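The following note sets out, point by point, what can be read from the structure shown below. It is intended for a colleague who will follow the text with the coordinates open.

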Amino acid sequence: MSTDTRDTPRFDLHSFRAKFVLVVGGAVLFDLLMSGGLALWNVQRLSQDATSEVGAGLTTANQEYIRSYADSTAARVDLLLDRVHADVNTLAGVIQGQIDDPDRQKQVGTTLASQSAASVKVVYDTKGQWAQNLPGAPSVVSVWGYLLGPDHQPLPAVREEIDNSAVLDLVAPSLLTSGSSKLQMYYIGPKERPIFRTAPYTDQAQTFDRLYPGHNTSEFWEFFFPGIYGSWQKWALDPASRFIPDNDITQTAPYTDAITGKLIVSFFHPLWTRDRTGVAGAAGADITLDQLAEIVENVKIAETGFGFLTMPNGNVVAINPKSEATIGLVSSSDKGTDGVTGVERSLRASTQPAIATLDLKSGNDGVIQHVMLQEKGENVPYIVVLKGLKPTNLWSAGPIEKQAMSVGIVVPEREIYAALFAAQDSISKATNRILLYQLLAIIVSLMIVFAAVFGLSKRITAGLSALAAAARRLQAKDYSVRVNIPSKDEVGEVGVAFNRMAEQISFHTENLEQLVDERTRDLESANVEISTLNDKLRSENVRLGAELDVARQIQMMVLPKARELALIPGIEIAAYMRPADEVGGDYYDVLQDGHRLKIGIGDVTGHGLESGVLMLMVQSVARALQETGEDNPRQFLDRLNRAIFKNLERTNSDKHLSLAFLDYEDERLVLSGQHEEVLVVRAGGTVERIDTLDLGLPVGLERDISPFVATRDIPFSSGDVIVLHTDGVTEAEGSGGKLFGLDRLSESARSRYGGSAEEIKTGIVDDLMAYIGTRKIHDDITLVVMRHR
């Protein structure tokens with residue numbers, strides 16, 4: 001039975017409609033006024049924020065641009081210096097090779113002396129009281145008076161130094177014409193025999209006489225470069241005292257070259273005695289400051305921005321001449337007592353107070369510094385950015401220090417922020433237009449809202465009245481009541497939902513008991529099925545656990561026993577294996593047949609039961625091939641692969657493994673197969689890493705891998721240690737997800753060199769487990785250590 005329930009809505013002060021209009025209309029009016037006011041305030045605030053954000057954005061962008069410019073300029077200067085370093089390293093490497101091989105040094109010196117006598121024959125100068133070879137040779141050799149004998153000829157040891165250093169004539173000309181442009185390259189002998197050989201040929205000794213009186217009778221190194229030789233000697237006796245690891249090159253502060261009169265920077269590479277406990281001289285090169293200055297002087301930012309290059313003490317070594325006045329630099333030259341003429345153009349002596357007090361600390365690297373500079377009697381704001389170059393070993397009349405030059409960028413703020421001022425003016429004009437449009441929109445909205453609220457109140461309240469009447473009848477248990485609300489808005493949807501609710505209440509009231517019985521039967525049936533499945537699951541878990549335990553036991557049984565390894569003559573072997581699951585996929589074995597010994601290590605993809613079975617297959621096939629007397633490593637690996645490939649093909653498995661073997665017989669060790677890198681720790685703790693990528697192909701991946709299999713002989717002398725491992729060692733994760741890695745494994749093995757194989761193995765495992773800590777082990781871990789007795 002359906003009943004149409006409708007009430008005509010009233011409109012008096014106590015009616016819902018009147019209250020609706022007053023409340024909703026007032027709320028909407030308040031909302032519009034509030035939102036309109038907030039909108040106007042927000043527009044104003046947005047304008048201010050936009051101005052601030054645009055200002056901050058442009059400021060940040062400009063500052064980042066300046067920093068980037070400073071970074072790129074510093075990188076170009078570093079690149080120039082790196083090129084010079086490379087050439088000096090090359091020259092030093094050739095001469096050091098001669099020093100380390102006296103026989104070859106003597107042969108080369110004798111040969112060059114016989115074929116180019118002008119390069120090694122020196123003539124005494126009665127006025128200067130030194131000896132020097134004549135013009136026309138590739139290099140000039142100067143021998144100071146205190147290195148000459150009574151006959152005015154070089155002392156025997158000095159004579160030998162001249163002959164041996166003639167190798168400079170072979171190397172220096174090509175280095176001077178290639179790579180970074182260099183003014184000259186030279187060799188200086190040790191403190192006892194400091195001959196000075198320079199390429200190309202110049203009037204070297206004559207120039208020194210004119211500019212540095214007394215040098216000929218003074219000890220060369222202390223006269224020209226006091227403190228530098230002593231610093232190198234300290235490095236030789238204590239390598240840890242080096243400031244920069246793997247970089248012995250020492251750079252001088254810029255100075256005026258006595259020969260060319262140009263501003264230069266010298267780069268020295270000390271040469272060491274054969275036993276590396278003393279200094280055997282130095283190889284060096286000079287570059288003109290013009291090469292560094294060209295990079296810095298070409299800096300161009302905005303209209304008048306410029307760059308400069310400064311030493312750590314504030315001495316500016318390169319700047320555009322037009323820009324010196326901007327930062328108040330005053331140039332002067334100072335002839336020191338150390339044999340070189342320096343150039344002083346210091347920021348600390350600047351006529352601009354802001355520049356004189358500029359913070360040059362390394363901690364300000366890349367920091368924007370705002371300074372005020374005097375221009376025509378006015379303070380003008382500037383931006384200064386300093387970018388440090390790579391640290392270098394710097395000499396400046398004393399012991400060598402670790403210092404770094406800096407590239408500076410200077411640019412007026414008015415040029416950088418010109419775009420910012422224009423953007424702020426545009427934002428202000430746009431804000432005024434938006435405020436006007438927003439005010440007009442609020443007035444129009446108020447008029448529309450009042451008309452809409454009054455018109456809709458009747459329609460909305462009519463439906464609500466009908467729903468209220470129907471609800472009262474439903475409360476009186478008249479479940480046949482229905483409402484008719486023709487509107488298709490939310491109120492109409494409420495009416496439809498009310499009618500459905502009434503139907504459901506009527507249905508469930510009549511059929512509640514039947515529904516309860518049906519649901520009870522369904523629950524009982526589901527409970528029985530769940531109990532049956534739980535019983536089956538427990539049984540299956542017990543069976544799988546037993547199978548995994550048997551597989552693990554079998555896998556551990558076939559591994560080499562400690563007593564077997566102890567019986568191997570001449571070699572100590574210690575091994576460690578830890579699977580990530582109950583059954584691992586790593587493989588290692590030690591097979592002995594008479595004097596032949598084969599050590600294998602491999603890693604099956606994945607881990608678990610299937611990987612463990614494949615590992616057992618490999619062990620069985622390898623044992624069988626060893627027993628047949630197969631002693632060719634390449635054929636051994638090829639036949640093993642064929643057998644494994646057929647088994648995998650039969651079982652339809654996608655597994656394969658990396659596998660490598662070491663064959664040892666009669667002091668000969670041969671490596672074959674592709675696996676992880678092999679580590680060899682030589683006498684003295686030097687670690688050699690041997691890549692196996694080109695020695696094979698994963699086993700089980702292809703039917704025929706013979707074209708890919710290769711071998712490599714490895715020297716294995718008394719005291720040498722070989723470390724084999726799977727990727728479970730190097731890929732073990734520590735804190736932060738970082739891997740243990742080959743470098744840590746190498747260092748762990750190196751640090752325990754000298755111990756037994758068992759001690760080395762135990763130490764590596766201890767380091768690995770300490771690195772992993774309480775974190776989960778995700779892969780099988782296998783480690784084999786071999787030590788030649």
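1. In strand β21, Asp-603 is the bridge partner of Asp-586. The model in which this pair is found is a predicted one. The pair belongs to the ladder between β20 and β21 (residues 596-604), two strands that run antiparallel and are joined by 8 bridges.

2. These two strands belong to an open sheet of 5 strands, ordered β20-β21-β22-β23-β26, in which the pairing is antiparallel. The edge positions are taken by β20 (586-593) and β26 (711-713); each has a single partner strand, so one side of each is left without a neighbour in the sheet. On average, and with direction ignored, neighbouring strands of this sheet are turned by 15° against each other.

3. Which helices pack on this sheet? One of them is α15 (residues 609-627), which touches β20, β21 and β22 (657-665). The direction of α15 makes about 15° with that of β20. Helix α16 (residues 633-650) also packs on the sheet, with β21, β22, β23 (668-674) and β26 as the strands it touches. The direction of α16 makes about 150° with that of β22.

4. Another open sheet of 5 strands follows the order β19-β28-β27-β24-β25, and its pairing is antiparallel. Here β19 (571-578) and β25 (687-690) stand at the edges; because each has a single partner strand, one side of each is left without a neighbour in the sheet. Neighbouring strands of this sheet are turned by 15° against each other on average, direction ignored. Within the sheet, β24 (residues 678-681) and β27 (residues 721-725) pair in the antiparallel sense over 3 bridges. Leu-679 stands opposite Val-723 of β27.

5. A further group of strands centres, for this note, on β5 (residues 196-199). Are the faces of β5 covered or uncovered? Both are covered: Phe-196 and Thr-198 on one side, and Arg-197 and Ala-199 on the other, are all buried. Strand β4 (residues 184-188) runs antiparallel to β5 and is joined to it by 4 bridges. Met-185 stands opposite Ala-199 in β5.

6. Strand β3 (residues 140-143) also pairs with β5 in the antiparallel sense, over 3 bridges. Val-141 has Arg-197 as its bridge partner in β5, and Val-140 stands opposite Thr-198. Both faces of β3 are covered as well, with Val-140 and Ser-142 buried on one side and Val-141 and Val-143 buried on the other. Strand β2 (residues 130-132) is joined to β3 by 2 bridges and runs antiparallel to it. In that pairing, Val-143 of β3 is the bridge partner of Ala-131.

7. Val-143 appears again in the largest nonpolar core, which has 90 residues. The residues with the most contacts inside this core are Val-143, Trp-221, Trp-232, Leu-292 and Leu-309. Helix α1 (residues 16-100) gives the most to the core, with 13 residues. Beyond its neighbours within four places in sequence, Trp-221 is in contact with a set of residues including Ile-188, Pro-190, Pro-194, Tyr-229, Trp-232 and Ala-282. A second, separate core has 49 residues, among them Ile-644, Leu-657, Tyr-664 and Val-680. In soluble globular proteins, nonpolar side chains tend to be buried together.

8. Leu-373 merits a separate comment. This residue lies in strand β14 (residues 368-375). Why does Leu-373 count as buried? The reason is its relative accessibility of 0%, while the term buried applies to anything under 20%. The C-alpha atoms of Leu-373 and Ala-354 are separated by 6.7 Å, although the two residues are 19 residues apart along the chain. Leaving aside neighbours within four places in sequence, the contacts of Leu-373 include Thr-326, Gln-352, Ala-354, Ile-355 and Tyr-382.

9. Finally, some totals. The protein chain contains 19 helices and 28 strands. It has 789 residues, of which 47% count as buried. Among contacts with a separation of 6 or more, 66% are between residues 24 or more positions apart. The chain exposes about 39800 Å², and carbon and sulfur atoms supply 55% of this area.

Key. Residues numbered from 1 in each chain as written. Predicted model: local features only at pLDDT ≥ 70, side-chain atom pairs only at ≥ 80, totals over all residues. Heavy atoms only, no water. Pairing = 2+ DSSP bridges. Axes fitted to C-alpha atoms, helices over the stretch in contact; angles between N-to-C directions. Contact = heavy atoms within 4.5 Å. Buried < 20%, exposed > 50% of the residue type's maximum accessible area, 1.4 Å probe, protein only. Areas by Shrake-Rupley, 256 points an atom, 1.4 Å probe, with all protein chains shown as cover. Core = buried A, V, L, I, M, F, W, Y, C linked by side-chain atoms within 4.5 Å.
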